[in-house]
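Please open the model in your viewer and keep the sequence panel beside it, since each stop on this tour begins with a selection. The stops can be taken in the order given, with a pause at each one.

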Amino acid sequence: TEEEVASNLMLLWGKEMEFLELYGQLSRSGLERLLSFRCSLFNATEMYQMLPKMSTDLSKLIFQENLTDARDDSMHRARDALMRHVHNAKKDILSLCNSPDRNAWFLQYAKLTWAGHDKHRAISLCEQIIEQLGVIRKTDQSLTLRAAECPVSLPDTAQSLVCEAWNPEPAVNDGLAEIRSEACRVCARWLSEQRLEDPVSILHEYLHVGVSAFSFTVLRDAKSLFAVANFADEARTKLQKRLESPEFIALASLRGKKDAQIRKYENKLATLAQGSSSSSKKRDQQSIKSHILRLRNELKTEEEESTKIKNDMKEWLLASLDAYLLGLRANSSTRHNDIQAVFRLVALWLGHSQDSDVNMLIRDRIFGSNDVATTSARASNLENLQCEFPLGKFLPLFYQLSSRISDEEGSGSFQTLLFRILLVMMHWFRHHCTWQILALANGDRIPETQRSANLYVVATEKVRASKRLLSTFGAKNASYVSQVRALDEAYYEVAIIARNQKADAISLARDGFKLSKVKALKDVMIPTLPLPLQIAAQESANTRIAESYHEVSEDLYSEEFYTNSPRNRREFNRQRELERMLEVPYVVGFNDRAELLSGINQPKVVWILASDGNSYRQLVKGNDDMRQDAVMEQLFMIVNELLQTDDDAVLRKLYIRTYRVVPLSPCAGILQWVTHSMPLSQYLFAEEKTSAHPRYRPKDWTHLECRAHLQSAAMGDDRRVAFEEIMQGFKPVLRHFFFEKFPAASEWYERRLTYTRSVATSSMVGFIVGLGDRHCSNILVDVKSAEVIHIDLGIAFEQGKTLRTPERVPFRLTRDIVDGMGSCGVEGTFRVSAETCLSILRANRSALLTVLDVLLHDLLFRWALSPTKAQENNNPPIVDSANVNNTNNNENDNAERAESEIQVGAYKQLVKGNHAAARCILRIQEKLLGQNEGEVLSVENQVALLIYEAQDPHRLSQMFEGWAPWV
């Protein structure tokens, strides 16, 4: 029948759109032709009621506002796709379809009108759509969400208030609610950009109304709540910029001068009051009084304005935090939105951690407004934990949150709240959190034999707080904590042992290492394996347990609760069952043989035996701080999340290879061994006979000869001449890697593409974060996939520019690197992939800056290059006395500090003395904006400039000879 055909076609349509959204395997142009054909098919079969939805989806596919190529051509094609099939039909198609499809069509038409630069008409169309959808305007101008504030369990009175925002006819359904919400969000954004209404009106009349479009019993995403949060955050940021603008600072200075003038005139008036009075004195006194009154009125007006700005900032801050928390609680279906919201939420919280109202709001939203457990004694007890908030979304920031923990007296509500949040997260996600807390608890574990041991700063208050947190957690998880501690002690013993120069391996059992006695730790997962995180399943279990808490009289985590309610115990153990279901391997033991590698940090390689029958290689390092590597890998994983939100990036498989880093203490850690990989140096030149250069170019200069020749030349023109001579005597050979490893033509071609895209992605990301020390031993290549993996991330955020021999290139793009790309070199795949990656990073600059904004608060992160790390790279750092030695507070330091405070702008309140961090953030912001020496570059021009700088012979010739710029 006609209905069955229509149903099958719509099902096929939905499957295809879902396929594109989830997997992105088809190009947009190919799918555009397919969907256009289907629209024609529906038109020919006279199934008109389906054409508006399909035309809208096709138009959205062609013109995507968030893409950099969304320009005039795609806009005109999208308009044609939207209009063609609807207008060519024999009937009024828009009157035949349902309300959600019809209004979605009109909303897409309004978006295309906006893209066509007819701004006011687009806004008028959008407002008409909102009116047709049944909005009821209100006059309340409060910033809070009120009836729309709670996404679950609304009381009847609040539910009625939600319904009052919209006309109940036609009946609200999922599709109509989404269109109502999207129309309000779009119109609010446009009105804000055009400055046609004040922020409070936009927030109330559009964004709050967009939130109330949903019946919260069917709420499936949190786009409206995040729109409210972002809008409030932007309003607060604008006020903050105004408060910190040079003009406002100048006004503050003038207020100080006026206050001084008032005191001066008051003293003069008191002087005139003494002695005999005369008519001239009275006139002078009256004149001075009038002048004082005028100055006081001016001062009062200016102070009231300043106070109003600060009060408005506070209100917008609380509104933003509230909406972020509610959006995260609403279980948004888009992980990308969750990540941005979590990072921004934490950045705002940490930036205002001393504000009691902020801490109270976060506490109420996470633990419930009825929670009165504000004392540290009650907050530190597992038996009093009750949380319905999905704290699993905070896991990407657990390291940054835990680094703020402190046990100082008078720490206030922030530390109490932070302690409780960390305790709940440890309880529900113990494998993700315990190692990080244990590393903090080991913050004072620095052996006397450690190189530059006096440079390590031990935060005793953090160590005490971490130990207390671990002890509280261990009260109900004693077996697990004891097993983790035993494994930690065994790792640490191996990490700090001095290497025997004559041996290349040790026997763990024969030499009496604790690692040989580790057996069957069934509660401990392999620490260097990526742990699967099923947030939805864990959160649903968390919520059900919290709901059942009210049904029993016993405390949730007490033994009586288990005994009297087996159902609750099953729910409580859901996470443990999930781990077993996913078959996450636990620790069985260790291989007796451990390899000793060469290097200044004396790393060791151990084999851990897992319950899945496999053995996993791990690198155990001592005499090195692994915390910065862990944070950098965390940043890379977040960049991968951003790349996965773009269809072009997914299609080109653009991502960065990462690995797990687990710090054990300030001077020890373990790393995941990257299997099937080898350093570029090993393949190219490290081995005298088996490496590629001596095999394929035996008559060329050797690597050591090249290094000696460049080292003998003085900096400047002589070094450039020496480098040119080296380039004539040393030719690239990396192309042979692909011939050797991938003899099949199709595999050779695919792996070379993978290599080129991997180099492009890592180069662009490395440029943004200022990753340095990219010599050939710090770049691995996977012998099976040809991907590149960057290791040893201790020099980042342009710390390489502070070396005695500064690094002068943005990333490594030397001749051998280019040789592996084939005959096209940097043209073609590399350039297009680099432009795609950089455009995505620039389009998501607000998200990246939010991530770095949170890293800014990480008190354990080294934003300035440490003397130890510089010594390892054979270059002492340029030491900033303001950051390294606070004792030299002379006038020059104070002047530099004052200048830095002006430059950091909006970050001044967040930095709190860490000016090196602020400078790094601002430099990254310039890169993401395409700024270069005062000029704003397009993505294409910026990539072209970076390629030129990376290959510039003069820049390469001035690099440190250990970097091997000729390879």
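What follows is a walk through several helices, strands and one loop residue of a predicted model.

**First stop: a helix pair and the loop beside it**

Begin by selecting α19 (430–441) together with helix α21, which covers residues 478–496. The axes of these two helices come within 11 Å and cross at roughly 50°, which makes α19 oblique to α21. If you turn the view so that one helix lies in front of the other, the crossing of α19 past α21 is right-handed. Now show the side chains at the contact: on α19 these are R430, H431, T434, W435 and L438, and on α21 they are Y480, V484, R485, L487, D488 and Y491. Coloured by class, this contact of α19 with α21 has six nonpolar, two polar and three charged residues.

Next select N442, which lies in the loop between α19 and α20 (460–474). Is this residue buried or exposed? N442 has a relative accessible area of 9% and is therefore buried, the cut-off for that word being under 20%. Leaving aside residues up to four places away in sequence, N442 touches D488, L664, S665 and P666. D488, one of these neighbours of N442, is also among the α21 residues that meet α19.

**Second stop: strand β5 and its partners**

Move on to strand β5, residues 604–610, which is mostly covered, with six of its seven residues buried. Add strand β3 (residues 586–590), which runs antiparallel to β5 and is joined to it by three bridges; here F590 stands opposite I608 of β5. Then add strand β4 (residues 593–596), which pairs with β5 in the antiparallel sense over two bridges, and look for E595, whose bridge partner in β5 is V605.

Which residue of β6 is the bridge partner of W607? Select strand β6, residues 615–622, which pairs with β5 in the antiparallel sense over six bridges, and you will find R617 as the partner of W607. The hairpin of β5 and β6 has four residues between the strands, and within this hairpin G613 takes a positive phi near 90°.

**Third stop: an open three-stranded sheet**

Now select β9, β10 and β11, which form an open sheet in that order with antiparallel pairing. Because β9 (677–679) and β11 (788–790) stand at the edges, each has a single partner strand, and one side of each is left without a neighbour in the sheet. From one strand to the next, the twist averages 30°. For a closer view of one pairing, keep strand β10 (residues 779–782) and β11, which are paired antiparallel over three bridges, and pick out L780, whose bridge partner in β11 is I789.

**Last stop: a second helix pair**

Finish with helix α30 (residues 703–712) and helix α31 (residues 717–729), whose axes come within 8 Å and cross at roughly 165°. That angle makes α30 roughly antiparallel to α31, since angles over 145 degrees are counted in this way. The crossing of α30 past α31 is right-handed. To see the contact, display C706, H709, L710 and Q711 in α30, which meet R719, A722, F723, E725 and I726 in α31. By class, five nonpolar, two polar and two charged residues make up this contact of α30 with α31.

Definitions and conventions
Residues are numbered from 1 along each chain as its sequence is written. This is a predicted model: local features need pLDDT of at least 70, side-chain atom pairs count only at pLDDT 80 or more; totals for chains, interfaces and linings use all residues. Side-chain values use heavy atoms; hydrogens and water are left out. Buried means under 20% relative accessible area, exposed over 50%, partly exposed in between (1.4 Å probe, protein chains only). Contact means heavy atoms within 4.5 Å. Two strands pair if DSSP finds at least two bridges between them. Axes are lines fitted to C-alpha atoms, for helices over the stretch in contact, and angles run from 0 to 180 degrees between N-to-C directions. Angles under 35 degrees count as roughly parallel, over 145 as roughly antiparallel, 65 to 115 as roughly perpendicular and the rest as oblique. A crossing is left-handed if the near helix is turned anticlockwise from the far one by less than a right angle, and right-handed if clockwise. Ala, Val, Leu, Ile, Met, Phe, Trp, Tyr, Cys and Pro count as nonpolar, Asp, Glu, Lys and Arg as charged, and the others, Gly among them, as polar.
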